[in-house]
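Student: I have a model to go through. Can we take it question by question?

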Amino acid sequence: MSFAGDQFFKHDLMRRYVYYFGHLFDSMVVQRYDSAGTRIQSIQVPIAYSPKEKMLVRVREEPDLDAGRVAMQLPRIGFEMTSMAYSAQRKLNTLNRYVKVVDTDEQKLNMQYQSIPYDLTFSLYIMVKNAYDGVQLLEQIVPFFTPDWTATINTIPSMDITADIPITLQSVVTEDVYEGDFDTRRALIWTLDFEMKAQFYGPVKTSDIIKKTIVDMYVPTLNTTAGGTSNTVIADSEIGTTAREHRLTTTPGLTASGVATANSTRSVAYTTVK
């Protein structure tokens, strides 16, 4: 059994959100200076989707600084998504819909129901071998989170749906990973926790455009109250059996100026509405 029936769908939203988060930190730079204050080196810090434990293992596998092989070049940035939770506070009416005319058939509409809010938690790990590199990177990040950073993401390109996705900086923690003698590699790790307010969407469904509405009017039973007042009502037992008195047919449309009209002779194609 599938929630969407036989319809397979995917929007790659998780991939978009992970890429969006990582892209914020993919141009970080650390600079080194000599004793006179002259810049002698500028390092672009690499970033990868990697748990902190994996980064530490890479360091511990080659603890000897004099070895010929390189365990891992520092500084380095890693990040991972650690959890996701439903956000009831941001929930909107499920019956709200997004609609778009099908590009290949103007007589059909693509429809998608209201998105569902989830909070995604990300952890960013800054690993350095000296404290000055770490504070340089930290000072390039925290001023832009006050406490959040918001960007507009094209969440569902096929439906032209965009959403503002805030990322909030929740906490900053530092730890000094150092074991062994003075020849053993040392690693300082800054851990920054973020919360992303994401949106997820269901499948896109296609339906015909409503071109006509029909309303049937029925003759109710005439009831007289004790005071002599007459009320015209349809009893529950008469629903579906009462004769139809009148049928009202309406063709919705728009005039050339964009005003709604039920007169089909005044309606124009939606592509000509200004």
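**Burial, packing and rings**

Student: Which exposure class does Y118 fall in?
Tutor: Take the cut-offs: buried is under 20% relative accessible area, exposed is over 50%, and partly exposed lies in between (1.4 Å probe, protein chains only). Y118 has a relative accessibility of 27%. Therefore Y118 counts as partly exposed.

Student: What pLDDT do local features need here?
Tutor: Residues are numbered from 1 along each chain as its sequence is written, and side-chain values use heavy atoms, without hydrogens or water. This is a predicted model: totals for chains, interfaces and linings use all residues, side-chain atom pairs count only at pLDDT 80 or more, and local features need pLDDT of at least 70.

Student: How many strands does the chain have?
Tutor: Helices (H or I, at least four residues) and strands (E, at least two) are DSSP runs, numbered from the N terminus. The chain has three helices. Its strands number 17.

Student: What share of the chain's contacts with a separation of 6 or more joins residues 24 or more positions apart?
Tutor: A contact means heavy atoms within 4.5 Å. For the chain, the share is 66%.

Student: What percentage of the residues is buried?
Tutor: The chain has 274 residues. It exposes about 17,600 Å², with 53% from carbon and sulfur atoms; areas come from the Shrake-Rupley method with a 1.4 Å probe, and for residues only the protein chains shown count as cover. The buried percentage is 31%.

Student: Which element gives the largest share of the largest nonpolar core?
Tutor: A nonpolar core is a set of buried Ala, Val, Leu, Ile, Met, Phe, Trp, Tyr and Cys residues joined through side-chain atoms within 4.5 Å. The largest one has 37 residues, and F21, L124, I141, L192, F194 and M196 touch the most other members. Elements giving two or more residues include helix 1 (13-23), strand 7 (116-128) and strand 9 (161-177). The largest share, six residues, comes from strand 10.

Student: How many residues are in the other core?
Tutor: That core lies apart from the largest one. Its members include L74, Y125, M127 and A187. The number of residues is five.

Student: Which residues of helix 1 (13-23) does M196 contact?
Tutor: Leave aside neighbours within four places in sequence. The contacts of M196 then include F122, I165, P166 and I167. With helix 1 spanning 13-23, the list also holds Y17, Y20 and F21.

Student: How far is T168 from F145, C-alpha to C-alpha?
Tutor: T168 is found in strand 9 and counts as buried because its relative accessibility is 14%. Beyond four places in sequence, T168 touches P147, D148, D193, F194 and E195. F145 is 23 residues away in sequence. In space the C-alpha distance is 6.7 Å.

Student: What kind of aromatic pair do Y49 and F79 form?
Tutor: Rings of Phe, Tyr and Trp (its six-membered ring) pair if their centres lie within 6.5 Å; planes under 30 degrees apart are stacked, over 60 edge-to-face, the rest tilted. The count is 12 pairs. Y49 and F79 have centres 5.2 Å apart and planes at 85 degrees. The pair is edge-to-face.

Student: How far apart in sequence are the parts that Y49 and F79 tie together?
Tutor: Y49 is partly exposed, at 47% relative accessibility, whereas F79 is buried, at 6%. Y49 lies in strand 3 (residues 47-49) and F79 in strand 4, so the pair ties together parts at a separation of 30 residues.

Student: What is the plane angle between the rings of Y86 and Y118?
Tutor: The ring centres of Y86 and Y118 are 5.6 Å apart. Y86 sits in strand 4 and Y118 in strand 7, 32 residues apart. The pair is edge-to-face because the planes are at 70 degrees.

Student: Which residue follows T146 through a cis peptide bond?
Tutor: The bond has omega near 0 degrees. The residue after it lies in the loop between helix 3 and strand 8. It is P147.

Student: What is the phi of D160?
Tutor: D160 lies in the loop between strand 8 and strand 9. It counts as exposed, at 56% relative accessibility. Its phi is positive, though D160 is not a glycine, and is near 55 degrees.
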